[in-house]
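Colleague: I am new to this structure and would be grateful for a close look at a single part of it. Please take the nonpolar core as the subject and set it within the chain as a whole.

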Amino acid sequence: MIDLQIPSSTQIGTAIATIVIVLFLGLWLWRSLVHTFRQWAFGEAKTNIARAWADVEKLMTTSDVMNARLAVMHADAIVDKALQAKHFSGTTFATRMQFAQRKYKGLRHVWHAHNLRNELSHNPDAQLTLPQARKAVDAFRSALRELGAL
């Protein structure tokens, strides 16, 4: 006859706690590795991106609409450089973004900002408000952070 022993509630609780801790540590390790890889993937480009982004931030500190217009255009170009540094294929910003957003779902919010930039660059009569510019620059900043460039 086989003698089966039923584990006590303490043993079950210990097993569950151990599994939860191992899963938590695994998730933390995975996130750390992803963050480290993102920083490594940019190398020298990350420094250049950070410097260029400081210029965008400086332009946004004024309440001048022309500076805000320049900030939106520069921010778009910086995100494009980051996409190129990550080796996303394509000859245009839009093509690179299509590939990138498959991997980075948060980049979908950049389309509105990119379309605003296109309107500003192709239509000299396009109007821009400071809140619109701030929203676009925030979207570009968020994209750069998600890509690991900032």
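Modeller: A suitable place to begin is Trp-53, in what is a predicted model. Leaving aside residues up to four places away in sequence, Trp-53 touches Ala-75, Ile-78, Val-137, Phe-140, Arg-141, Leu-144 and Leu-150. Trp-53 also belongs to the largest nonpolar core, a set of 35 residues. Within that core, Trp-53, Leu-83, Phe-140 and Leu-144 are the residues that touch the most other members. Two of these, Phe-140 and Leu-144, appear among the contacts of Trp-53 just listed.

Several helices contribute to this core. At least two of its residues come from each of α2 (44–60), α3 (65–85), α4 (93–103), α5 (110–122) and α6 (130–147). The largest share is that of α6, which provides 9 residues.

The helix α4 shows how one of these contributors is arranged. Its buried residues are Phe-93, Arg-96, Met-97, Ala-100 and Gln-101. Viewed down the axis of α4, these buried residues fall within an arc of 130°, and they therefore line one face of the helix. The partners against which the buried residues of α4 pack are α3 and α5.

The helix α1 may be considered next. It spans residues 9–42 and contains Ser-32. With a relative accessibility of 25%, Ser-32 counts as partly exposed, because buried means under 20% and exposed means over 50%. Between Ser-32 and Gln-5 there are 41 Å from C-alpha to C-alpha, although the two residues are 27 apart in sequence.

It remains to place these parts in the whole. The protein chain has 6 helices and 0 strands, and its pattern along the sequence reads α-α-α-α-α-α. Along the principal axes, the C-alpha atoms fill a box of roughly 90 × 30 × 25 Å. The radius of gyration of the protein chain is 23 Å, whereas a compact globule of 150 residues would have a value near 15 Å. Of the 150 residues in the protein chain, 32% are buried. Among contacts between residues at least 6 apart in sequence, 62% join residues at least 24 apart. Finally, the accessible surface of the protein chain amounts to about 10,000 Å², and carbon and sulfur atoms account for 62% of that surface.

Conventions: Residues numbered from 1 in each chain as written. Predicted model: local features only at pLDDT ≥ 70, side-chain atom pairs only at ≥ 80, totals over all residues. Heavy atoms only, no water. Helix = DSSP H or I, 4+ residues; strand = E, 2+ residues; numbered from the N terminus. Buried < 20%, exposed > 50% of the residue type's maximum accessible area, 1.4 Å probe, protein only. Core = buried A, V, L, I, M, F, W, Y, C linked by side-chain atoms within 4.5 Å. Contact = heavy atoms within 4.5 Å. Arc of directions from axis to C-beta. Rg over C-alpha atoms; globule rule 2.2 N^0.38 Å. Areas by Shrake-Rupley, 256 points an atom, 1.4 Å probe, with all protein chains shown as cover.
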